[in-house]
Amino acid sequence: MNSNLSAGEPFQNLIAIMEERHSTRHFDERPVETIEIEALHRAFRSAPQAGGDRATQCLFLTNHTQISNLASRGSQAYEELLQDFDSPLIREAMAEYGHNFFWFGTAPLLAMIIVRRPPAFLTAIAGGDVDLVWGRDQSAAMGVYAMLLAAEAMGLGGCCLSGPLMVRAVLEHELGLAPGDRLSLVAAFGRIVKSSPKKED
């Protein structure tokens, strides 16, 4: 084993951050500072990017009203989606599951990860696997993980959400995304409430 990796303060610090990191869904009302947002963005940019630099974008939302409205609209769209199912058991299960999706309305900071849709020729070649081949969603996930580690290092909490993508089209419309762009992931960040329980993931 390379001794430069198995020992040394920088490496041990990194491993400690990775091991301590946990998903946080409860934040206090204090805003995330601009310098901290810039650090999160630097972390996002440090992650591997399929298609090169700027192929995957991170849109930060800090306006409380905008974040709250986005969560409310998403929750409403999800409730409408439930009505498409005749089975009461399915509706009940989806309603319970949906509680995990739109709690982000109280988060001080949202990171909306936006990727370009794959070109038509690649879709024709790769078919249903086109998004795997295109690689933008993998880049989004690595970028969010880098931000979660940076948040942990700065004493912030964070959580990655894929559930809101159940109503992706609605959120994309609310965000005013261009036709060639697609919402890939959502991440929430903020200052940890001291009594916030840890959620292992």
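Helices here are DSSP runs of H or I with at least four residues, numbered from the N terminus. With that in mind, welcome to a short tour of this predicted model, one close-up at a time.

**View 1. A nonpolar patch on the surface brings together Leu 14, Met 18 and Tyr 145.** Let us start on the outside. The three residues of this patch have about 250 Å² of accessible area together. Met 18 belongs to helix α2, which covers residues 9-20. Is Met 18 buried or partly exposed? Its relative accessible area is 35%, so Met 18 is partly exposed.

**View 2. Strand β4 pairs with strand β2 and with strand β3.** Now look at β4, made of residues 181-191. This strand is mostly covered, and eleven of its eleven residues are buried. With β2 (residues 109-116), β4 pairs in the antiparallel sense over eight bridges. To find your place in this pairing, look for Val 115, which stands opposite Arg 182 in β4. Strand β3 (residues 156-161) also runs antiparallel to β4, and six bridges join the two. A handy landmark here is Leu 156, whose bridge partner in β4 is Arg 191.

**View 3. Phe 27 and Trp 103 form an aromatic pair.** How many aromatic pairs does a search of the whole structure find? There are three. The pair of Phe 27 and Trp 103 is tilted, with 6.3 Å from centre to centre and 35° between the planes. Distant parts of the chain are linked by this pair, as the two residues are 76 residues apart. Phe 27 sits in the loop between α2 and α3 (34-46), while Trp 103 sits in the loop between α5 (88-98) and β2. Both Phe 27 and Trp 103 are buried.

**View 4. Tyr 78 and Phe 102 form a tilted aromatic pair.** The ring centres of Tyr 78 and Phe 102 are 6.2 Å apart. Their planes stand at 55°, so the pair counts as tilted. Here too, distant parts of the chain are linked: Tyr 78 comes from helix α4 (residues 64-82) and Phe 102 from the loop between α5 and β2, 24 residues apart. Tyr 78 has a relative accessibility of 3% and therefore counts as buried. Phe 102 is buried as well, with a relative accessible area of 11%. Look for Phe 104 too, since ring pairs link Tyr 78, Phe 102 and Phe 104 into a cluster.

**View 5. A charged end sits over a ring.** Here the residues to find are Arg 136 and Trp 134. The charged end of Arg 136 is 3.6 Å from the centre of the Trp 134 ring.

**View 6. Asp 181 and Arg 116 form a salt bridge between two strands.** A search of the whole structure finds seven salt bridges. In this one, the closest N and O atoms are 2.8 Å apart. Asp 181 lies in strand β4 and Arg 116 in strand β2, so the pair ties together parts that are 65 residues apart in sequence. Asp 181 is buried, with a relative accessible area of 17%. Its partner Arg 116 has 43% relative accessibility, so Arg 116 counts as partly exposed. While you are here, find Pro 179 in the loop between α9 and β4. Pro 179 counts as exposed, because its relative accessibility is 76%. The C-alpha atoms of Pro 179 and Arg 116 are separated by 9.2 Å, although these residues are 63 residues apart along the chain.

**View 7. Glu 172 and Arg 117 meet in a salt bridge.** Their side chains come to 3.2 Å, N to O. Glu 172 lies in helix α9 (residues 168-175) and Arg 117 in the loop between β2 and α6 (120-126), so this pair ties together parts that are 55 residues apart in sequence. At 11% relative accessibility, Glu 172 is buried, whereas Arg 117, at 35%, is partly exposed.

**View 8. Salt bridges also join Arg 30 to Asp 28 and link a network.** The side chains of Arg 30 and Asp 28 meet at 2.9 Å, N to O. Arg 30 is partly exposed, with 49% relative accessibility. The network is made of Asp 131, Asp 137 and Arg 182. You have already met Arg 182, the residue of β4 that stands opposite Val 115.

Notes: Residues are numbered from 1 along each chain as its sequence is written. This is a predicted model: local features need pLDDT of at least 70, side-chain atom pairs count only at pLDDT 80 or more; totals for chains, interfaces and linings use all residues. Side-chain values use heavy atoms; hydrogens and water are left out. Patches are made of residues with over 30% relative accessible area and no salt bridge: like charges are joined within 9 Å, nonpolar side chains (Val, Leu, Ile, Met, Phe, Trp, Tyr) within 5 Å. Accessible areas come from the Shrake-Rupley method with a 1.4 Å probe; for residues, only the protein chains shown count as cover. A salt bridge is a side-chain nitrogen of Lys or Arg within 4 Å of a carboxyl oxygen of Asp or Glu. Buried means under 20% relative accessible area, exposed over 50%, partly exposed in between (1.4 Å probe, protein chains only). Two strands pair if DSSP finds at least two bridges between them. Rings of Phe, Tyr and Trp (its six-membered ring) pair if their centres lie within 6.5 Å; planes under 30 degrees apart count as stacked, over 60 as edge-to-face and the rest as tilted. A charge sits over a ring if NZ of Lys or CZ of Arg is within 6 Å of the ring centre and within 35 degrees of the ring normal.
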